[in-house]
Amino acid sequence: MARHREEVSPVTPMRRLVLLRHAKAEPATASDDALRPLALRGRTQAAGLGAALVALGAAPDVVLVSSALRTRQTWNLAKGGLNGRRSGVPTVVVTDALYNARVSDVLGLVADLDESARTVLVIGHEPTMAATAAFLAGPGSDDAALAQVRVGVPTATYSLLEAPAEVPWSAWERSSAVLTHVGRPPG
């Protein structure tokens, strides 16, 4: 009796870019906006982000974080949920360039990444995180996710974009990736 060998379709290695709006911050006051901390609700949101990214298969190799207090606090709470991921500790870069960034600024930071990075998490601010996702989203993107990023995203919302691994970070430009998911951690 002949045995039939099942054909296994190869899985295309992907690059993943996760664009995350920081968790809920305290209301703005007359003091320095960059020093606004997370609100209690934001701390709860941020604590669930790491596990949500792991469940999505998007645990980062590299994390780019705005220098604002609320984004740094979001990362510090989210990273605890990355326990159990398969690779090592991600490289973390805190940068002033993300605080008042435009889409072109985010793309410039991503373009400078080492090509060995497969999954990158950017923690920044609105409207830039949603605008960057909308800018990059091309054919095959999820319609509901695209509609969400076109109008902006609430706090602690992440957008997952993918492109084949052979597409270098420097080639991520308008409509060059597929927006596959927009989500928030439970709670």
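**Figure 1. Pro-127 and the loop between strand E4 and helix H4 in the predicted model.** Pro-127 belongs to the loop that runs between strand E4 (119-124) and H4. The peptide bond leading from Glu-126 into Pro-127 is cis, its omega being near 10°. Most peptide bonds are trans, and most residues other than glycine have a negative phi. Helix H4 itself covers residues 128-136.

**Figure 2. Helix H5 and its buried face.** Helix H5 comprises residues 143-151, and its buried residues are Ala-145, Leu-146 and Val-149. Viewed down the axis of H5, these buried residues fall within an arc of 100°, so they line one face of the helix. An α-helix has 3.6 residues a turn, so residues three or four places apart point the same way. The buried residues of H5 pack against helix H4, strand E5 (158-164) and strand E6 (178-183). On the face turned away from the buried side, H5 carries the exposed residues Asp-143, Ala-144, Arg-150 and Val-151.

**Figure 3. The two ends of helix H5.** At the N-terminal end, Asp-142 acts as the cap of H5. A side-chain oxygen of Asp-142 lies 3.2 Å from the backbone nitrogen of Ala-144. Beyond the other end, H5 is followed by Gly-152, which has a positive phi, near 105°.

**Figure 4. Ala-156 and Thr-157 in the loop between H5 and E5.** Ala-156 is located in this loop and has a positive phi of about 60°, although it is not a glycine. Ala-156 is buried, with a relative accessible area of 0%. Thr-157 occupies the same loop between H5 and E5 and is likewise buried, at a relative accessible area of 2%. The side chain of Thr-157 makes a polar contact of 3.5 Å with the side chain of Arg-184. Apart from neighbours within four places in sequence, Thr-157 is in contact with Leu-19, Leu-20, Arg-21, Val-182, Gly-183 and Arg-184.

**Figure 5. Ser-175 in the loop between E5 and E6.** Ser-175 has a positive phi of about 60° although it is not a glycine. The residue is partly exposed, with a relative accessibility of 38%.

**Figure 6. The salt bridge between Glu-115 and Arg-15.** The model contains 5 salt bridges. In the pair formed by Glu-115 and Arg-15, the closest N and O atoms are 2.9 Å apart. This pair links distant parts of the chain, with Glu-115 in the loop between helix H3 (103-111) and E4 and Arg-15 in strand E1 (residues 14-21), 100 residues apart. Glu-115 is partly exposed at 32% relative accessibility, whereas Arg-15 is buried at 4%. Side chains of opposite charge can pair when their charged atoms come close.

**Figure 7. The salt bridge between Arg-70 and Asp-33.** The side chains of Arg-70 and Asp-33 meet at 3.0 Å, N to O. Distant parts of the chain are linked by this pair: Arg-70 lies in helix H2 (residues 69-78) and Asp-33 in the loop between E1 and helix H1 (40-55), 37 residues apart. Arg-70 is buried, with a relative accessible area of 4%, while Asp-33 is partly exposed, at 28%.

**Figure 8. The salt bridge between Arg-102 and Asp-105, and a salt-bridge network.** The side chains of Arg-102 and Asp-105 form a salt bridge of 3.6 Å, N to O. Arg-102 is exposed at 55% relative accessibility, and Asp-105 is partly exposed at 26%. Elsewhere, salt bridges that share partners join Asp-33, Arg-36 and Arg-70 into one network.

How values were computed. Residues are numbered from 1 along each chain as its sequence is written. This is a predicted model: local features need pLDDT of at least 70, side-chain atom pairs count only at pLDDT 80 or more; totals for chains, interfaces and linings use all residues. Side-chain values use heavy atoms; hydrogens and water are left out. Buried means under 20% relative accessible area, exposed over 50%, partly exposed in between (1.4 Å probe, protein chains only). Helices (H or I, at least four residues) and strands (E, at least two) are DSSP runs, numbered from the N terminus. The arc is that of the directions from the helix axis to the C-beta atoms. Contact means heavy atoms within 4.5 Å. A polar contact is a pair of N or O atoms within 3.5 Å; within protein, one must be able to donate a hydrogen and the other to accept it, and residues adjacent in sequence count only if both atoms are side-chain atoms. A salt bridge is a side-chain nitrogen of Lys or Arg within 4 Å of a carboxyl oxygen of Asp or Glu.
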